[in-house]
Amino acid sequence: MMSVLCVLALNVQASTGRWTLVTQREGVRVYMAHDDDARIKTFRGEARIALDDFSALSAQLDDYVFMASWLHMVSDIAEISRDDPLRRQLHVSTRLPWPVQNRDITLEMAVSQDPQSYAVDVLFRQSPTPLPAREGYVRMPFMNGCIRFYPLAPPDMTVTYQVTLDPGGYVPAWLANLLLRDIPYFSLRRLGRVVNQPLRETARPAYFRAPPGWPGGGERSTTFSASRDCPAPSIPR
């Protein structure tokens, strides 16, 4: 159900807006597809990043301190529950510049890997059973999106980070556009800098298979059917 709703939301936004390149710096391309006056905004960032160990992505997705360190304006990520290794509920808090009030949201997150391309998709959307908003925070009424890690020749991969959201509350249009431009740019730029740093120990086993040519690539292990909801890395038209 989550996958169906996620792809419908992304496809509707893509069909109603035209992708526009808004910035290209330090190997990161940022696009937007929305009317400047629309309440719901969509942004997309793409970058090529060197990753030493592709199978380490599972540990990185389980380390919420690490995730918050590279996701721009995210101050805290806390796991509420986990149905299995691939599906979980998270509470995400953001830190926004004054005078805009900080936001929070409860998200469902689902992870999958394509057995042919080895691409890892991280899909997320607002939870239908959210926690109450934190005191002093504005609850974002809508968010969904995806992060795709697509392996190329080792150690390179392309990362696509796409989000559609309604920030809720009052945000001046000019500031909303500035923030949404910066989120994918700074997130992917920081990820490129920290992706190979040692992570804290995790008790959960790795649940991704490394592609051939990568460390541990080709070994027998469980792989997970990929969702088609996250668009493959490409230059939007």
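**Strand β3 and the cavities**

User: In this predicted model, how many bridges join β3 to strand β10 (residues 156-166)?

Analyst: The two strands run antiparallel. One pairing along the way is Phe 43 with Val 163 in β10. The number of bridges joining β3 to β10 is 10.

User: OK, and which residue in β3 is the bridge partner of Met 32?

Analyst: Strand β2 (residues 28-32) also pairs with β3, in the antiparallel sense over five bridges. Met 32 has its bridge partner in β3, and that residue is Phe 43.

User: How many of the 10 residues of β3 are buried?

Analyst: Buried here means under 20% relative accessible area. Strand β3 (residues 41-50) is mostly covered by that cut-off, and its buried count is eight.

User: What about empty space: how much lies in the largest cavity?

Analyst: The structure has two cavities of 30 Å³ or more. The second largest has a volume of about 30 Å³. For the largest cavity, the figure is about 480 Å³.

User: How many residues of the lining of the largest cavity are nonpolar?

Analyst: The lining has 31 residues, with Val 74, Thr 94, Met 140, Met 143 and Tyr 161 nearest the centre. Elements supplying at least two residues each include β3, β10 and α4 (173-194). By class, two lining residues are polar and two charged, while the nonpolar ones number 27.

User: And which element gives the largest share of the lining of the second largest cavity?

Analyst: Its lining includes Trp 70, Phe 149 and Leu 191, and has no charged residues. Both α2 (57-62) and α3 (64-70) supply at least two residues. The largest share, three residues, comes from α3.

Conventions:
Residues numbered from 1 in each chain as written. Predicted model: local features only at pLDDT ≥ 70, side-chain atom pairs only at ≥ 80, totals over all residues. Heavy atoms only, no water. Buried < 20%, exposed > 50% of the residue type's maximum accessible area, 1.4 Å probe, protein only. Helix = DSSP H or I, 4+ residues; strand = E, 2+ residues; numbered from the N terminus. Pairing = 2+ DSSP bridges. 1 Å grid on protein atoms, 1.4 Å probe; cavity = no way out; pocket = protein on both sides within 12 Å on 5 of 7 lines; lining within 4 Å. Points joined across faces, edges and corners; volume = space filled by probe spheres on them. Nonpolar A, V, L, I, M, F, W, Y, C, P; charged D, E, K, R; others polar.
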